[in-house]
2 protein chains.
Amino acid sequence: MIYGHDPRTGETVGTALPETDGAGVDMIVSAAAAAGAAWRATPAAERAVALEAVADALSAHVDELWQLADQETALGEVRLRGEVARTAGQFRLFAQVIRDGGYLEAIIDHADPSLTPPRPDVRRMKHALQGVVAVFAASNFPFAFSVAGGDTASALAAGCPVVVKAHPGHPNTSERVAKIVREALPYPDLLGLVQGMQAGADLVQHPSVVAAGFTGSVAGGKAIQKLIDEREVPIPFYGELGSVNPVVVLPSAPVKEVATGFAASLTLGVGQFCTNPGLMFVPEGDELRKALVEAVEGTAGGPMLAERIRDGYLGGVERLGQLQLLAEGKPGQGSLAVTPKVFTADLETFASKLPEIGEECFGPASIVVTYRDVSDLRPVLEQLDGSLTATIHGTEPGEAGEVAEVLGKRAGRLIWNGWPTGVAVCWAMHHGGPWPAATTSYTSVGATAIGRWLAPTAYQDWPEELLPEELKDANPLSIPQRVDGRLQA
Amino acid sequence: MIYGHDPRTGETVGTALPETDGAGVDMIVSAAAAAGAAWRATPAAERAVALEAVADALSAHVDELWQLADQETALGEVRLRGEVARTAGQFRLFAQVIRDGGYLEAIIDHADPSLTPPRPDVRRMKHALQGVVAVFAASNFPFAFSVAGGDTASALAAGCPVVVKAHPGHPNTSERVAKIVREALPYPDLLGLVQGMQAGADLVQHPSVVAAGFTGSVAGGKAIQKLIDEREVPIPFYGELGSVNPVVVLPSAPVKEVATGFAASLTLGVGQFCTNPGLMFVPEGDELRKALVEAVEGTAGGPMLAERIRDGYLGGVERLGQLQLLAEGKPGQGSLAVTPKVFTADLETFASKLPEIGEECFGPASIVVTYRDVSDLRPVLEQLDGSLTATIHGTEPGEAGEVAEVLGKRAGRLIWNGWPTGVAVCWAMHHGGPWPAATTSYTSVGATAIGRWLAPTAYQDWPEELLPEELKDANPLSIPQRVDGRLQA
């Protein structure tokens, strides 16, 4: 049986939930596949309405949901209410995306008999993948990267049914969210939920599963990839695995704002963000150092989401302990509580301990690396693993040239004078990056995340009456089409 | 040493070429990576001019090139001249694609402080992958899917340097093409060439290689995937592996045209096309059967590209020999010559021998499966492996409904009243499909093939002076941008 645990007390909360066995996974995936056939055939305009109904249902249950999730995660009311709103917002964005239709990349090339050889009429658009999408929920976002998270919203929007493997950190929240979403969907079986580690393995190896989304650790991602490699027919694996999110503070940056912003971003949600600033390069100097010490000492820790995550943090901090401790926050309260810790080293010492010292330590820990001259940074930044984000602080963009160029190679999102925690859900967002930040070049947040669940089909000399509406010359759905080489919005 | 062989005589032709050793591969990849940095920074308009210079250079050398390739492949003047033209045309198409700029998917979301939380300014576009693209050349297209083929053209267009592993079927042609392309490029090292099986393995495992393209067999594709799985940092593998290309002839189809079209498509280029029609479902009846026998008996075989390919064909024909022989063409001439062969079975017999009988037999062999009623086809078509193409012949589209739907799930390109051989190079082409037709949902032919060599970057509150031109509000390059949710072409 699977139990939720209160990170503040360590006690079990909610109902004991059975692990889904092999027959159960098969039944749930098969039901999703069956519902998917009807969903796939549903016009985009109707799918959009259904996505908005899911958003409404989540918002309507926010009072109940935040409390349930708080018992299992201790993330608190403000954060969890905000996260439910964000989760509903993701469904609303994808309703817009599928109404717009640009994501289908409709292309029409009319026949050209004057060419050698003569060119037939060729039309192309993307369609939903033919099967079920498996989603592995994350620990740290019980709503926005979980049962009704961005992977689920984007896959449903594309036209795919989804089966989610719940995260053991919030099993009861997962069940409740699944029930709410299922009731709001025209075909409840479009969303299935399985519980337990073995159920996750069975899920990703099920023949009806055609793609998998995952947010978690490098080790977890490698384990799922290995299961996929054993499949007869391989499937794409969209994993977001790990990120240190380097920050470079230029000499022109304002000391005070950098110190307080850093401390706040580092300790938000007990540092349990994949975009947590785990590494910051600062110019040598007492003023910034003092400001950082003061800001970090003003923070407080808190309980982490689960025992395994807390143990991982303590292990990571021990590894960072080979560097000098710069400052620590106040210890948090609760049985799984940890203390924010910031370590420091000069550039040479840090570089000598790469690559190990550059690995992510999930939680409120970071390394402040001091440099003498901005021009010394390049060779060290080039050695960093891929990250979801890279940030520059400064008031003179001209100062950033070389650093910006190198960071652009190592991260999927570049931020100026901000902090990486907080990922805006919008058309332009990219939440991905070079390995191990992500396993592919796709994003898991924002409008273009829908591309993960699509594949193109070309139609050659295909009869008008059999063509999809999206590829007809009359363009009855008024979607963007590229016609004979020219994009028409 | 590596030698070219004349398929007509079995004799060696051209110069003996050394296999590229490990140090050689490293040197070539490193030179490509170095040239890539400058190429990547070259504006798209200038890259387009360079691509057109390559096209011009290939066209200018067509007299020499077709003769060289004919010695190594026996594909003949008409086909090889056409293939050089097509290869040049691919470079011209990609010049258009990068001038247009839509492939960058530029998106601008302006800041919105009215939202909770306030949304920063976020902009996103795609960039060339940061490193070298490895291309494994195909046996059956010495130009269009080889050193200067579609993978190379699309990767260079994207902004990536390329190192090609030559196919042993045409080593001298490969060297000559590489020299012509290198001389036409502003940085010759943007195209490297390696020879030999071990060199291919070293190439795909080189740390500077960031993606690989491949056209070949399922076994070959699996071998490369295995090498990639051993890498520390995984890379995307775009493979086009195998395809039977089912054709369904509806009762309304004209008998004579189907029979002659089939025989011509089957035996074109000694059947050495990945889009060869390896399986055709026809209504029972003597008239079509007689027409097919007559058409096939009117064909002639020819020498295949290499001994290994000839042996593979003979093995495949032996496997198909468990069915009844319907007709065969005249034997071809030359030491590697084979005979076209068409086998037949009724739907039940064919279905009983799946999946083995449904595997590709590379060369001029096919199976004609007879059915009683169109409605009997569905369960059998559903069991077929993924294909690059699926074709329907008929005069009444209404008759095709169910068949069209099922074939749409099993193939990347649907063709009406045509033949799958011949892949138009245009914006809308999709040359891919469900496994094993392709390893991903990307195409290897047509404008969208460029997407394989790109990854997005998001810029958050990024200073105007550091933004790429493509993401500036003034849109100085006049490319398509999606601004605040609205696509502007």
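So, strand β18 of chain A, residues 411-416, runs parallel to β19(B), and the two pair over three bridges. A quick word on terms: strands are DSSP runs of E with at least two residues, helices are runs of H or I with at least four residues, and both are numbered from the N terminus. Two strands count as paired if DSSP finds at least two bridges between them. One spot to look for is R413(A), whose bridge partner in β19(B) is A458(B).

Before I go on, this is a predicted model, so local features need pLDDT of at least 70, side-chain atom pairs count only at pLDDT 80 or more, and totals for chains, interfaces and linings use all residues. Residues are numbered from 1 along each chain as its sequence is written, chains are lettered from A and ligands numbered from 1 in the order in which they are written, and side-chain values use heavy atoms, with hydrogens and water left out.

Okay, back to where the chains meet. Chain B puts 55 residues into the contact, and chain A puts in 55 residues too; contact here means heavy atoms within 4.5 Å. About 4700 Å² is buried between them, with carbon and sulfur atoms giving 65% of that. Buried area, by the way, is the accessible area (1.4 Å probe) that two parts lose on being put together, summed over both.

What about charges and polar groups? The count between chain B and chain A is two salt bridges, where a salt bridge is a side-chain nitrogen of Lys or Arg within 4 Å of a carboxyl oxygen of Asp or Glu. One salt bridge you can find joins R482(B) and D100(A), at 2.8 Å from N to O. There are also 16 residue pairs in polar contact across this interface, both residues at pLDDT 80 or more. That term means a pair of N or O atoms within 3.5 Å; within protein, one must be able to donate a hydrogen and the other to accept it, and residues adjacent in sequence count only if both atoms are side-chain atoms.

Which element of chain B gives the largest share of its side? That's β19(B) again, with seven residues.

Now let's look inside chain A. We have domain 1, covering 2-241 + 440-453, and domain 2, covering 246-416; those bounds come from an automatic or database domain assignment. Their centres, taken over C-alpha atoms, are 32 Å apart. Each domain brings 15 residues to the contact. The buried area between the two domains is about 1100 Å², and carbon and sulfur atoms make up 61% of it. On the domain 1 side, P7(A), N140(A) and E240(A) lose the most area to domain 2, together 39% of what that side buries. How many salt bridges cross between these domains? Zero, by the rule, but five residue pairs are in polar contact there, both at pLDDT 80 or more.

Over all chains, the whole structure has 47 salt bridges. Among them is R378(A) with E405(A), closest N and O atoms 3.3 Å apart. This pair links helix α13 to helix α14 of chain A, 27 residues apart.

Last, some backbone oddities. T116(A) and P117(A) are joined by a cis peptide bond, omega about -10°, and P117(A) sits in the loop between β3 and β4 of chain A. Another cis bond joins W435(A) and P436(A), with omega about 5°; P436(A) is in the loop between β18 and β19 of chain A. And over in chain B, V270(B) has a positive phi, near 50°, without being a glycine.
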